[in-house]
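Me: Can you walk me through this one? I'd like to talk about pockets and sheets.

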Amino acid sequence: MEFRQAQAVCIPAVHLHMTTATMPVSQKDFEKAQEQLKLLKKDPGNETKLKLYALFKQATEGPCNSPKPGMLDFVKKAKWDAWNSLGNLSQDNARQKYTELVSSLISAESAGQTKDASPEESRHDDYETIIVTTKNNITKIMFNRPERKNAINHQMYREIIKALQEAGKDDSTIAVITGNGEYYTSGNDLNNFANVQPNDMEKMAKDGAELLKEFVSCFIDFPKPLIAVVNGPAIGISVTLLGLCDIVYASDRATFHTPFSQLGQSPEGCSSYLFPKIMGLAKANEMLLFNKKLTAAEACAWGLVTEVFPDGTFQKEVWERLKAYASLPKNSLAVSKQLLRSMEKEKLHAVNSQECEVLKERWLSDECLNAIVSFFQRKSKL
Ligand SMILES: CCCCCC/C=C/C(=O)SCCNC(=O)CCNC(=O)[C@H](O)C(C)(C)COP(=O)(O)OP(=O)(O)OC[C@H]1O[C@@H](n2cnc3c(N)ncnc32)[C@H](O)[C@@H]1OP(=O)(O)O
């Protein structure tokens, strides 16, 4: 939705009859807010424009009761979703929230505090296992447990879910996922299975499968281009998720390893469906059944990686390119990505559910438990 459109939706003045007892914001204030909105110089970003649209509709027409637009009508669907998400919020409350939102945008602009105003990198708070930053229209999510080879523990799964949900809605054009230090990531933290009492095994498996399903769903549904910058070795789930990324750039130091059968487990991240499509069934079998570890050059030849760069110039070359990509029109990129992916979404969610069901059983198997024990006894490094 263009900024002009968001302003335009605010123009029609529908005069509503309200009592002062239920109307903290007067109709006059509401109309004034509509006029003020037109004076904003900076585009407040899609998320905010959708909020404004939804609050305006709710304030003037009440709860959304129009039919849901078709899946491919992205703009209408986004607007409908935003309005519908307000549920039964009263018209008075919607008017008040609309007026407050406009007022906060005006204050932020006059204080020069809009997010776009600063070209500096901004670091998002509240994360411990990942670093999330935004700069040059790129939100970067970086695995950050370098001393554990960036192994993904439960906290990291949850933080990545949160970071992806926020990045999907923020003003950035693209999002990047990468690792801090020597590794991209060594995949699932095997400590996620440690110290579980025999009576709690089933619960551990059930909770793990639910968390995994939610985690992978965030990649399936991510609404803008998602780029993996694979700075070093990648293992397990970090490799399977590459099939859900839109571009994969790799250092020539990176390797790609999915040792699921060695661990008594089974593929996830929709790889059981996407890997055969990407590389053909025979090659997918070598990776997913027989633990074949690929070099970056092999992964590129097999179609899993877009391009490989010499490690010495990897960061410089990749980030220069991403900066240029992120200056492209963001709405165009988002709708194009959705066109490329939308036909597969339902299928991918079904595959994700099935993979999680199978893994839930695997985690209770002797084959899996023995593999975990042997990792901790240091008999079996990959
Ligand atoms: C909610 C649950 C969802 C589950 C989703 C399903 C996901 C499946 C997968 O991802 S399967 C892949 C799992 N990963 C592995 O099996 C890798 C295990 N790690 C290793 O084999 C090695 O550590 C190594 C090859 C990655 C690196 O070897 P090396 O260079 O010799 O370093 P260290 O082993 O000394 O590593 C340093 C330190 O980190 C610990 N560590 C590294 N990776 C993991 C890991 N994945 N899980 C747990 N711990 C890990 C390692 O044990 C060392 O700890 P220490 O210093 O010994 O205390």
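**Pockets and sheets**

Reply: Start with helix H13: H13 gives the largest pocket nine of its lining residues, the largest share. Keep in mind that this is a predicted model.

Me: Which other helices supply at least two residues of that lining?
Reply: Besides H13 (330-362), there are H3 (46-61), H4 (74-84), H6 (154-169) and H7 (201-220).

Me: How much space lies in the largest pocket?
Reply: About 1,400 Å³. The lining has 39 residues, and the closest to the centre are Leu-50, Ala-78, Gly-168, Pro-223 and Gln-338.

Me: And how does that lining split by class?
Reply: It has 16 nonpolar, nine polar and 14 charged residues.

Me: OK, second largest pocket. How much space there?
Reply: About 980 Å³. Its lining counts 43 residues. Nearest the centre lie Ala-151, Ser-186, Asn-188, Leu-190 and Phe-375.

Me: Which elements give two or more residues to it?
Reply: Helices H6, H7 and H14 (366-376), plus strands S6 and S8.

Me: Class split again? How many of each?
Reply: Here the lining divides into 21 nonpolar, 14 polar and eight charged residues.

Me: Switching to sheets. What is the strand order in the one with seven strands?
Reply: The order is S1-S2-S3-S4-S5-S7-S10. That sheet is open, and its pairing is mixed.

Me: Why is one side of S1 and of S10 left without a neighbour in the sheet?
Reply: Strands S1 (122-123) and S10 (307-309) stand at the edges and have a single partner strand each, so one side of each has no neighbour in the sheet.

Me: What about S4 and S5, parallel or antiparallel?
Reply: Parallel, over four bridges. S4 covers residues 174-179 and S5 covers residues 226-230.

Me: Which residue is the bridge partner of Val-176 in S5?
Reply: Ile-227.

Me: Now the sheet of three strands. What order?
Reply: S6-S8-S9. It is an open sheet with mixed pairing.

Me: Which strands are at the edges there?
Reply: S6 (234-235) and S9 (294-295). Each of these edge strands pairs on one side only.

Me: How many bridges join S8 to S9?
Reply: Two, and the strands run antiparallel. S8 spans residues 255-257.

Me: Which residue in S9 stands opposite Phe-256?
Reply: Leu-294.

Me: Back to S6 and S8 for a second. Which pocket were they lining?
Reply: The second largest pocket: S6 and S8 are among the elements that give two or more residues to its lining.

How values were computed:
Residues numbered from 1 in each chain as written. Predicted model: local features only at pLDDT ≥ 70, side-chain atom pairs only at ≥ 80, totals over all residues. Heavy atoms only, no water. Pairing = 2+ DSSP bridges. 1 Å grid on protein atoms, 1.4 Å probe; cavity = no way out; pocket = protein on both sides within 12 Å on 5 of 7 lines; lining within 4 Å. Points joined across faces, edges and corners; volume = space filled by probe spheres on them. Nonpolar A, V, L, I, M, F, W, Y, C, P; charged D, E, K, R; others polar.
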